[in-house]
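Work through the exercises below with the model open. Each task is followed by a stepwise solution.

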Amino acid sequence: MNDSPDLQNWPGAGELRRLWMLDPQWTYLNHGGFGACPRPVLEVQRQWQDRLESQPINFLARQAEAELLRARSELADFVGADADDLVFVTNATMGVNTVLRCLSFSPGDEIIIADHAYPAVTNGLRYVTERSGAKMVNVQLPWPLGEDAEQAQEKLVAAFTGKFTTRTRLLVLDHITSPSGIIMPVEKICAAAREKGIPVLVDGAHAPGMLKLNLKTLGATYYTGNCHKWICSPKGAGFLWVDPRAQENIVPLSLSLGWMLKNEEESWYQTLFKYTGTWDPSPELSVPAALDFFRELPGGWEEVRRRNHELLLQARALLCEELNASPPVPAELLGSLATIPLPDGPVAPLEERLVNEFRIEVPVFGWPFRKREIPGPRLLRLSAQVYNDMDQYAYLASCLKKCLAASPAD
Ligand SMILES: Cc1ncc(COP(=O)(O)O)c(C=O)c1O
């Protein structure tokens, strides 16, 4: 397919945009939010749904299992895993909650999580710690990270290892942080945790598609990821990978008929996740089509990642220059998500103007996280996907300048 890619023939962002359903009236700069699925992949999803609805029993009871195994195997190949170690879940939140609810914690146990963790994940952890009496140990990541990637990585590793104690029972670690886009030194942190016998649950919500993954060598105990974000599958396709040595204790949040579907060749882990209640498997079944969609662009996935990263850095440089801001994270620690500090102020009025007046979709949030009406430090998060171009970021820069000039604290 991409043996000698004709990179000269890379389609323009406008041409690519037409392959998505994105409303042309909007400047859509938040791919990291919920992803966005290209039309050809949605057509494949529609075909799966048609097949399902034309004979639901035949499809769900007789055919889906083999089709899902094919899809799971393709996804496992893509993320460098054995298909036996990976199961589909609806999304990364479900992956995280599944693991957290299956582990047992006692009063005095400690679970480490960083301040840049996604709030839904922190909530899941809050629930299990409050119920069990275990303690949530918060790691404050160094911020801003400075310009030197090596030093930044060392600081990040030290921020976690400095919290390890003999009571640490779990480390919850982002692969790519949501509010800051940092690609964490996951291998190094997992290796340090392993030396102390601490299991690591990696929240890789943004990583599949944005990074080339090799889950077999990463060193995580549990790894969950989304397919709908940077693989651009339909929503409803995520996965949970579990180290074979830890699979015994992991069951789905919902136990259903899967229990009765065991065959000799598969583990209980695979059996129980096979069927967790009646559902629409079309998102999972469409993952191979999404993988192919990008594979078929000149240069395939590698070129997609390279372009998104380059576009992101260019966009970040432009915004930083126009807003007189300093980039808080070294370029080497970014993929296709990055944040830019904005002058202090409340989030709500600025975001409302961007949305209502300029039709720009880009996340602005208070950092550290706080209510949108309360003034304070603010961050703007940029996403770069193949359908974005520099004109869109230039438009964002000019609109932001208007908003900030009108009322810098708004
Ligand atoms: C780091 C991180 N973890 C988890 C999630 C949750 O993803 P989902 O809502 O698809 O489960 C997100 C969503 O953006 C995220 O950024």
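A pocket, on a 1 Å grid over the protein atoms alone, is an open set of points with protein on both sides within 12 Å along at least five of seven lines. The model used here is predicted.

**Exercise 1.** State which pocket the ligand takes, and describe the shell around the ligand by class.

*Solution.* Step 1: rank the pockets. The ligand's space is the second largest pocket. Step 2: list the neighbours, using a cut-off of 4 Å between heavy atoms and the ligand. There are 13 such residues, and the closest include Thr 93, Asp 203 and Lys 229. Step 3: sort the shell. It holds 4 nonpolar, 6 polar and 3 charged residues.

**Exercise 2.** Find polar atoms that approach ligand oxygens, then give the buried share of the ligand.

*Solution.* Step 1: check the side chains. His 206 places a polar side-chain atom 2.9 Å from a ligand oxygen. For Ser 178, a side-chain N or O atom is 3.5 Å from an oxygen of the ligand. Step 2: check the backbone. Ala 92 has a backbone N or O atom 3.3 Å from a ligand oxygen. Step 3: turn to area. The ligand alone exposes 400 Å², of which the protein buries 89%.

**Exercise 3.** Describe the domain layout and the contact.

*Solution.* Step 1: set the bounds. Domain 1 covers 7-19 + 300-406, and domain 2 covers 46-291. Step 2: locate the centres. The C-alpha centres of the two domains are 27 Å apart. Step 3: count the contact. Domain 1 gives 21 residues and domain 2 gives 33 residues.

Note on methods
Residues are numbered from 1 along each chain as its sequence is written. This is a predicted model: local features need pLDDT of at least 70, side-chain atom pairs count only at pLDDT 80 or more; totals for chains, interfaces and linings use all residues. Side-chain values use heavy atoms; hydrogens and water are left out. A polar contact is a pair of N or O atoms within 3.5 Å; within protein, one must be able to donate a hydrogen and the other to accept it, and residues adjacent in sequence count only if both atoms are side-chain atoms. Accessible areas come from the Shrake-Rupley method with a 1.4 Å probe; for residues, only the protein chains shown count as cover. On a 1 Å grid over the protein atoms alone, a cavity is a set of points where a 1.4 Å probe fits but cannot get out, and a pocket is an open set with protein on both sides within 12 Å along at least five of seven lines; lining residues have an atom within 4 Å of a point. A molecule sits in a cavity or pocket if more than half of its atoms lie within 2 Å of its grid points. Ala, Val, Leu, Ile, Met, Phe, Trp, Tyr, Cys and Pro count as nonpolar, Asp, Glu, Lys and Arg as charged, and the others, Gly among them, as polar. Domain bounds come from an automatic or database domain assignment. Contact means heavy atoms within 4.5 Å.
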